[in-house]
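Biologist: I would like a close look at the aromatic side chains in this model. Please take them one group at a time and say where each sits.

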Amino acid sequence: MKRRIKKVAILGSGVMGSRIACHFANIGVEVILLDIAPKELSSIEISKKLTLESPQVKNRIVNDALQAAIKSSPSPLFDNSFSQRITTGNFDDHMKNISQCDWIVEVVVENLKIKQQVFEQVEKFRKEGTLITSNTSGIPIQLMAEGRSDDFKKHFAGAHFFNPPRYLKLLEIIPTQYTDREVVTFLMNYGDLYLGKTTVLCKDTPAFIANRVGIYSIMETLLVMQELGLNVDEVDKLTGPVIGRPKSATFRTGDVVGLDTLTKVANNLFQGLNNDESKQVFEIPDFLKKMEENKWLGDKTGQGFYKKTKTPEGKTEILTLDLKTMNYGSAQKSKFATLEQTKNIDIVKDRFKYLISGSDKAGEFYKKTFSGLFKYVSFRIPEISNDLFQIDDAMEAGFGWEIGPFKTWDAIGIEHAIKIMEALNKQPAQWVYDMLAEGYTQFYKIENGIKKYYDIATKSYKSIPGTEAFIILDYIRASKKVWGNTGATLHDIGDGIVNLEFHSKMNTLGAEVIEGINKSIGIAEKDFRGLVIGNDGANFSAGANLAMLLMFAIDQEYDEIDLMIRQFQNTMMRVRYSSIPVIAAPHGLTLGGGCELTLHADKVQAYAETYIGLVEFGVGLIPAGGGTKEFTLRVSDTIEDGDIQVNSLKNAYMNIATAKVATSAQEARHMGILKQGDAISLNRNRLIKEAKESAILLSEAGYTQPKPRKDIKVLGKSALGMFYAGANAMMSGKYISSHDKLISEKLAYIMCGGDLSAPTLVSENYLLDLEREAFLSLTGQKKTLERIQSILTTGRPLRN
């Protein structure tokens with residue numbers, strides 16, 4: 001059966017329901033969002049003489065929930081206009097409309113009886129063959145299926161999104177014994193391809209996979225913390241980015257999620273797990289019970305493990321809870337010798353061997369927590385999953401771990417880790433010993449660019465299902481390298497296409513990367529048919545290397561700065577005017593020079609979560625790698641009936657002058673950074689593969705080298721005066737500083753083509769010269785240097 005999802009019904013509009021609705025709207029699906037009708041009138045409704053039967057009253061709960069979601073930050077929508085794809089209603093009047101839907105998603109309160117009542121109503125209106133899923137995080141799927149029709153059971157499964165659905169990539173699929181295999185396959189594929197999710201197949205066990213292992217890890221951390229006498233600040237330092245976990249680490253995450261939620265899940269597991277060898281770990285410690293009694297539940301009550309206060313001077317201070325005294329105090333700075341050893345190790349997986357070998361408290365902490373984690377996940381197979389990669393995928397996509405537990409174990413070395421585990425009486429499950437006895441010493445291995453996992457049932461390595469649609473550079477670095485230097489590497493990704501990846505810090509564009517771009521284009525023009533510029537890092541590129549620029553500016557080496565800018569501009573023009581198609585594949589932060597590179601590509605294949613913009617204004621500069629030129633060119637291309645669109649020029653100018661960063665690829669399209677022919681990938685893992693396909697299509701369509709533009713219409717003095725007047729008014733109103741005014745005027749000068757007496761057609765090189773002149777003049781400004789210094793030392797721009 002070939003399914004198409006055109007319309008989805010979301011039943012329940014709470015925090016999860018409204019945001020799941022938004023994410024379906026993100027991908028272009030029409031959504032019906034329903035919830036219960038109120039049982040009482042509000043004071044405003046009474047004053048308006050409305051009744052409980054008034055439509056606006058009956059839809060109040062669902063409408064308020066949707067509006068709260070739309071206004072929330074970060075936004076659940078790629079673009080606010082997508083909310084128009086969502087129609088709201090109530091169960092009483094609009095449940096019948098689910099008959100029009102291809103997929104029904106239940107997201108009501110976590111109460112089995114209530115869910116069963118909703119499903120009774122669904123059965124009355126649902127057409128046969130329609131998918132029906134529950135977003136429950138813990139109620140057995142099997143229990144919800146009881147008493148339903150055969151067709152309902154065949155098309156019913158758990159589909160557990162993680163909050164917030166737009167940003168957390170995990171979608172757990174939990175079938176029952178009745179679920180049709182075709183339905184399971186469809187949900188797994190649809191979640192991956194269209195919703196952009198890492199879909200993980202789970203068994204119908206308590207808390208499924210991610211919450212089962214994640215809550216275990218948190219509770220084990222609390223036990224080890226007490227055993228070693230560590231404090232909250234120390235534990236968060238040990239369990240954050242240093243081991244590839246989110247900055248919120250353990251306790252900040254607890255405050256965000258809510259201690260009541262954490263203790264509820266942990267207590268449910270403690271009560272419900274009868275055959276779990278580590279059940280006692282889930283027992284709620286006394287300090288958590290006390291915090292719950294005090295209503296110290298985290299962000300929702302204003303205090304939890306952390307508490308935000310004001311000093312007598314009015315400055316914000318974050319206090320930390322001392323779990324021994326239950327009093328709040330100033331954050332305690334900590335230093336561990338074990339962490340010091342890993343400071344210069346950039347790759348997370350390379351740190352683990354050092355962390356677990358430490359002889360201080362940090363080393364002991366890692367020995368105990370990793371040993372407990374490894375033991376736990378080994379015993380969960382085949383209980384919660386048959387395959388170890390599903391557990392890693394769940395933790396990486398659901399809890400934001402950079403490296404899942406089995407991959408971490410591999411990084412340490414299975415046999416080495418087992419020796420530590422045995423010394424702590426935390427032996428793994430027997431299948432691990434059996435695996436080693438058979439001569440298999442890794443859970444994963446890479447073979448011919450394909451990552452394989454150890455399959456316990458067959459005692460052999462198998463390819464991870466679905467990954468044939470991905471190009472993961474980490475898997476081909478050793479075998480497919482064409483060229484490289486310290487900042488960039490070119491790989492052959494097949495079918496006549498090469499990929500250039502950056503590996504400088506934050507993928508900044510320094511001399512080595514610029515060399516890499518030029519060299520890669522030259523190689524591609526000679527021996528290949530297309531080039532993709534993309535990487536597997538957290539971000540595409542944070543922009544230019546400001547440290548080098550600052551050094552030259554302080555030494556007043558303006559000739560060096562001029563040379564640096566010319567090389568960058570020439571490289572961007574090389575990207576634009578090469579004889580082979582160049583595809584940029586941005587994702588994450590794509591700032592400054594990274595944005596300029598994207599603007600000059602023949603086509604952009606952007607990840608949906610691309611945060612892109614020209615941010616140079618924030619450091620007292622203007623975009624001088626062709627970014628200002630390109631925005632001006634694109635405005636010129638909006639000419640209709642011979643008149644340039646002044647509003648378009650203003651919008652482009654403001655995007656640069658406010659250092660605006662798009663919060664999604666869709667917003668980047670509205671800002672003019674992505675063009676009509678550019679494409680968006682919803683799944684990050686598919687990005688480079690889809691960029692490669694774009695390069696092949698352009699090549700096979702008969703790509704020809706374009707010619708530099710000489711027809712860019714600029715307005716000259718007629719528009720320049722408008723921008724200058726605006727900058728003066730902003731400074732007079734004390735909205736901007738004199739330095740901001742200076743930068744604004746230089747930006748306007750470029751975008752208007754200088755002080756030309758009349759609208760004129762100019763070339764790209766003409767605008768690039770104006771860019772470079774403005775940039776050089778600004779590097780001589782003391783306040784610009786102060787801003788650059790502030791960014792490099794604090795990460796924040798100085799407003800001077």
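Which residues do ring pairs link into a cluster?

Modeller: The model is a predicted one, and what follows is computed from its atoms. The cluster is made up of Phe352, Phe365, Tyr366, Phe370, Phe374, Phe406, Trp409, Trp431 and Phe443, joined by ring pairs.

Over the whole structure, the search finds 29 aromatic pairs. One of them is formed by Tyr216 and Tyr376: the ring centres are 4.0 Å apart and the planes lie at 0 degrees, so this pair is stacked. Planes under 30 degrees apart count as stacked. Tyr216 belongs to helix α10 (residues 210-228) and Tyr376 to helix α17 (residues 361-379); with the two positions 160 residues apart, the pair links distant parts of the chain. Tyr216 has a relative accessibility of 2% and therefore counts as buried. Tyr376, at 0%, is likewise counted as buried.

Tyr376 also pairs with Phe282, in an edge-to-face arrangement with 6.1 Å from centre to centre and 65 degrees between the planes. This contact again links distant parts of the chain, 94 residues apart: Phe282 lies in the loop between α13 (259-272) and α14 (286-293), while Tyr376 is in helix α17. Phe282 counts as buried because its relative accessibility is 0%, and the cut-off for that class is under 20%.

Two other rings have a charged group over them. The charged end of Lys451 sits over the ring of Tyr444, at 4.9 Å from the ring centre. For Phe152, the charge is that of Arg148, whose end sits over the ring 5.8 Å from its centre.

Past Phe152 in the sequence comes strand β6 (residues 156-161), which pairs with β7 in the antiparallel sense over five bridges. In this pairing, Ala157 stands opposite Pro175 of β7. Strand β7 also runs parallel to strand β8 (residues 198-201), to which four bridges join it, and here Glu172 stands opposite Val200 in β8. Between β7 and β8 the chain passes through helix α9 (residues 181-193), giving a β-α-β crossover that is right-handed. Five of the six residues of β7 (residues 170-175) are buried, so the strand is largely enclosed by the rest of the structure.

Technical notes. Residues are numbered from 1 along each chain as its sequence is written. This is a predicted model: local features need pLDDT of at least 70, side-chain atom pairs count only at pLDDT 80 or more; totals for chains, interfaces and linings use all residues. Side-chain values use heavy atoms; hydrogens and water are left out. Buried means under 20% relative accessible area, exposed over 50%, partly exposed in between (1.4 Å probe, protein chains only). Two strands pair if DSSP finds at least two bridges between them. A crossover is right-handed if, with the strands pointing away from the viewer, the path from the first strand over the helix to the second runs clockwise. Rings of Phe, Tyr and Trp (its six-membered ring) pair if their centres lie within 6.5 Å; planes under 30 degrees apart count as stacked, over 60 as edge-to-face and the rest as tilted. A charge sits over a ring if NZ of Lys or CZ of Arg is within 6 Å of the ring centre and within 35 degrees of the ring normal.
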